[in-house]
Amino acid sequence: MFAEIVSWIAVAVILIASAGMLIGRDWRLNLGLLALQYMAAFWLVTRHWPLGMASVKLVTGWMATAALGMTRLSLPQDDNEPETSWPRGQWFRLFLAGIITLLAAAAAPRIEAAIPGLGMPVVAGSLLLIGMGLIHLGVTSQILRVISGLLTILTGFEIIYAAVESSILVAGLLAAVNMGLALAGSYLLMANSSSEGSA
Amino acid sequence: MSAPAVWIGIPFVAGAMILFIPRVRFATLAGGIVAALLALIAMFVPIDTALLLGSFSFKISASIQILGRSLLLGAADGPLLALIYGTAALWFFGTEAAGVANRFTSLGLAIISLLVASIAVEPFLFAAPILEMAALLIIPLLVLPYQKPGRGVLRFLIHQTLAVPFILFSGWMLAGVEASPGDIGLTTQAGIMLGMGFAFLLAIFPLYNWIPMLTEETSPYVAGFLLWALPAFTVIFALGFLDRYTWLRTTPALSNAIQTAGLVMVVSGGLFAAFQRHLGRIMGYTSVAETGLMILAMGLKSAFSVEITFLLLISRGLELAIWSLGVSIIQQEKDSLRFSAVRGMIRSYPLAASALLLASLSATGFPLLAGFPPRLALWEGIASQSPNLVFWMLAGLMGLLTSAIRTLAVLVMAPEYTPWKFSENWIQGIMLGVGMIGLLILGLFPQVMHPFLSGLPAMFEHFGQ
């Protein structure tokens with residue numbers, strides 16, 4: 001019962017963090033929310049994996065966040081990078097986050113019924129992250145936000161995949177993909193900054 | 001010594017070591033020699049068979065265990081490994097001629113080793129994250145440290161990453177389909193998930209918009225390498241799926257879907273190529289059409305499906321290498337690859353322009369060139385199924401031919417009395433010459449590929465047997 005309550009709290013944290021990332025403009029806040037997201041995802045993964053294996057997700061996620069944060073911190077760019085894609089209003093993004101929440105709430109019971117044993121919080125948390133990540137990719141072209149969106153989608157997938165696959169190799173490979181994505185993002189951020197500096 | 005250690009471990013370590021070689025020429029030579037040696041070993045040393053050299057006996061075992069799973073390269077994989085590393089050697093030897101940074105060779109070797117790992121991993125479903133890791137390693141090649149990343153690179157990254165969840169999850173669902181084959185709903189869902197995964201990985205219509213962007217905004221040689229390596233291994237991965245799951249091969253709807261997807265790519269790639277005014281974008285759209293041809297070959301209801309697919313892969317590897325090398329050499333002279341900028345270039349870069357033209361004609365299936373035999377075989381295969389397919393394939397190839405003729409017209413459009421001269425250096429001349437001769441040899445004597453092709457169907461126990 002306690003674990004179930006904590007799982008639902010984790011889902012609430014995921015909702016707040018992912019919606020906050022979608023709406024927020026400050027990269028520091030966004031990376032903080034990404035780290036929080038990994039914390040909640042870690043708890044949901046522990047529902048199906050042993051603590052030791054699940055902690056790989058948390059450690060990798062935080063390392064990825066740290067890599068992105070340290071790179072962004074070292075760049076001399078303006079904090080308020082202009083967003084080039086439209087529409088860009090905060091209310092519009094909040095509206096999108098609301099739609100994703102409704103879709104996740106509607107789809108979670110059906111998926112739970114189709115694949116019994118996953119657990120409603122696991123399905124709901126996973127769907128929320130995948131949906132918010134996809135929305136993130138749709139409304140931005142900024143490198144940091146794109147990488148955050150991809151990491152969010154992967155986290156959502158990893159939560160639900162952990163329930164059906166417990167191979168150590170696949171856990172390792174997905175951890176490597178997460179880190180690789182963060183490092184590729186860091187590289188692109190630095191290249192982008194250098195090109196602007198030299199222009 | 002195990003086969004994965006030889007063909008995955010050694011190139012990966014060699015790639016890391018080559019990174020520390022400062023001179024491009026030495027790095028190029030080292031990378032090319034390593035890849036060529038690995039190709040020769042794969043060709044002449046059988047895997048999992050004890051060999052006696054004098055009093056010394058040795059055997060390359062087939063598998064190693066990693067984290068409870070195995071990496072397996074069996075005896076049947078030998079010809080494929082020889083092909084892969086042979087083609088990779090060609091790419092690496094061309095690095096200096098193309099004027100690409102020396103990390104191309106080192107990262108290229110690491111990428112090839114990861115891609116080989118993707119065909120070696122058991123269960124084969126786990127190849128998806130390995131393919132993604134290879135795609136991530138390409139990023140530093142696509143974007144130079146002081147270059148603003150373009151939209152194409154970001155879209156490439158997004159599409160490759162989105163493929164991973166689809167493929168992995170479809171693998172889990174396919175296991176369920178095997179357990180209860182009568183469950184139509186589950187079968188449909190698994191098919192859709194798998195289709196989406198491969199649509200992202202292979203850049204199937206309409207998800208290929210990043211390809212022309214990439215060939216326009218990055219080094220043509222690196223883009224060409226990417227367009228050869230990733231689709232080649234993804235096709236092998238897809239053939240593994242078709243081989244493993246009987247219902248994928250036997251469901252008529254799925255077979256039709258594969259053929260339709262291939263045909264749409266051939267037609268759209270060909271038509272878009274016909275209207276481009278940029279050499280890089282033409283190369284990009286042509287590669288889209290060629291991927292369509294491979295998908296079309298995979299969907300053939302024929303015992304020769306695997307052979308035709310691999311024949312297409314071989315000619316594509318050579319064509320893209322020559323094409324992108326020719327474009328890279330021209331780009332070193334002219335910053336832009338637009339038609340207006342490269343007009344009349346054949347007078348000053350005759351070898352590069354000729355190579356580019358031969359490669360583009362080969363892609364259209366022009367007789368006597370490498371692309372002709374596989375297209376003829378594919379044509380014969382689809383003609384036995386439907387005349388409509390033949391017509392649409394012809395339409396796509398006509399589009400490619402139009403783009404080749406337009407390129408020819410632009411390259412020869414030099415002002416009157418412009419003198420002919422060879423501006424290519426000797427390395428560029430040798431690489432282009434070897435490549436063009438290779439295109440002609442593969443076109444005139446396609447049977448030279450027989451030793452490779454005859455062994456390849458053994459990789460797949462059921463498909464194409």
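Helix α5 of chain B is mostly covered, with 17 of its 18 residues buried. The model is a predicted one, and the values below are computed from it. The helix runs over residues 103-120 of chain B. Its length can be checked by simple arithmetic: at 1.5 Å a residue, 18 residues should span 26 Å, and the end C-alpha atoms are 25 Å apart, so the two values agree.

The position of α5(B) makes more sense once the domains are in view. Chain B is divided into domain 1, residues 1-122, and domain 2, residues 123-459. Taken over C-alpha atoms, the centres of domain 1 and domain 2 of chain B are separated by 23 Å. In the contact between them, 31 residues of domain 1 of chain B meet 34 residues of domain 2 of chain B. On the domain 1 side, at least two residues each come from α3 (78-93), α4 (95-98), α5 and β5 (121-122) of chain B. Among these, α5(B) gives the largest share, 12 residues. By class, this side of domain 1 of chain B has 21 nonpolar, six polar and four charged residues.

The boundary between the domains also holds a feature of the backbone. As a general rule, most residues other than glycine have a negative phi, and most peptide bonds are trans. The bond from B:E122 to B:P123 is cis, with omega near 0°. B:P123 sits in the loop between β5 and α6 (127-142) of chain B.

A second cis peptide bond joins B:F205 to B:P206, again with omega near 0°. B:P206 belongs to the loop between α8 (184-201) and α9 (210-217) of chain B. B:A203 lies in the loop between α8 and α9 of chain B as well. Its phi is near 55°, a positive value in a residue other than glycine. Is B:A203 buried or exposed? B:A203 has 27 C-beta neighbours inside 10 Å, and therefore counts as buried.

B:L368 also has a positive phi, near 75°, and is a residue other than glycine. B:L368 is placed in the loop between α16 (350-363) and α17 (372-383) of chain B. With 13 other C-beta atoms within 10 Å, B:L368 is partly exposed.

Back in domain 1, B:V24 shows how residues far along the chain can meet. B:V24 is part of helix α2 of chain B, residues 24-44. B:V24 and B:E96 are 72 residues apart along the chain, yet their C-alpha atoms are separated by 6.3 Å. Leaving out residues up to four places away in sequence, B:V24 touches B:T95, B:E96 and B:N102. Why is B:V24 described as partly exposed? The reason is its count of 17 other C-beta atoms within 10 Å, because a residue is called buried at 20 or more and exposed at 12 or fewer.

Another helix of chain B that can be checked for length is α7, residues 151-179. Helix α7(B) has 29 residues and reaches 43 Å from its first C-alpha to its last, close to the 42 Å expected at 1.5 Å a residue. Like α5(B), this helix is described as mostly covered: 21 of the 29 residues of α7(B) are buried.

Chain A offers an example of helix packing. Two packed helices are described by the angle between their axes and the distance between the axes. Helix α2 (residues 27-46) and helix α3 (residues 51-73) of chain A pack at an angle of about 175°, with their axes 8 Å apart. Angles over 145 degrees count as roughly antiparallel, so α2(A) and α3(A) are roughly antiparallel to each other. Residues of α2(A) in the contact include A:W27, A:L31, A:L34, A:Y38 and A:F42. Those of α3(A) include A:L51, A:L58, A:W62, A:T65 and A:R72. By class, this contact has 14 nonpolar, five polar and two charged residues.

Finally, the two chains meet. The contact takes 29 residues from chain A and 27 residues from chain B. On the chain A side, α6 (143-164) and α7 (168-198) each supply at least two residues. Helix α7(A) provides the largest share of that side, 18 residues. The side of chain A that touches chain B divides into 20 nonpolar residues, eight polar and one charged.

Note on methods:
Residues are numbered from 1 along each chain as its sequence is written. Chains are lettered from A and ligands numbered from 1 in the order in which they are written. This is a predicted model: local features need pLDDT of at least 70, side-chain atom pairs count only at pLDDT 80 or more; totals for chains, interfaces and linings use all residues. Helices (H or I, at least four residues) and strands (E, at least two) are DSSP runs, numbered from the N terminus. The expected span of a helix is 1.5 Å times one less than its number of residues. Axes are lines fitted to C-alpha atoms, for helices over the stretch in contact, and angles run from 0 to 180 degrees between N-to-C directions. Angles under 35 degrees count as roughly parallel, over 145 as roughly antiparallel, 65 to 115 as roughly perpendicular and the rest as oblique. Two residues are in contact if their C-beta atoms, placed from the backbone, lie within 7 Å. Ala, Val, Leu, Ile, Met, Phe, Trp, Tyr, Cys and Pro count as nonpolar, Asp, Glu, Lys and Arg as charged, and the others, Gly among them, as polar. Domain bounds come from an automatic or database domain assignment.
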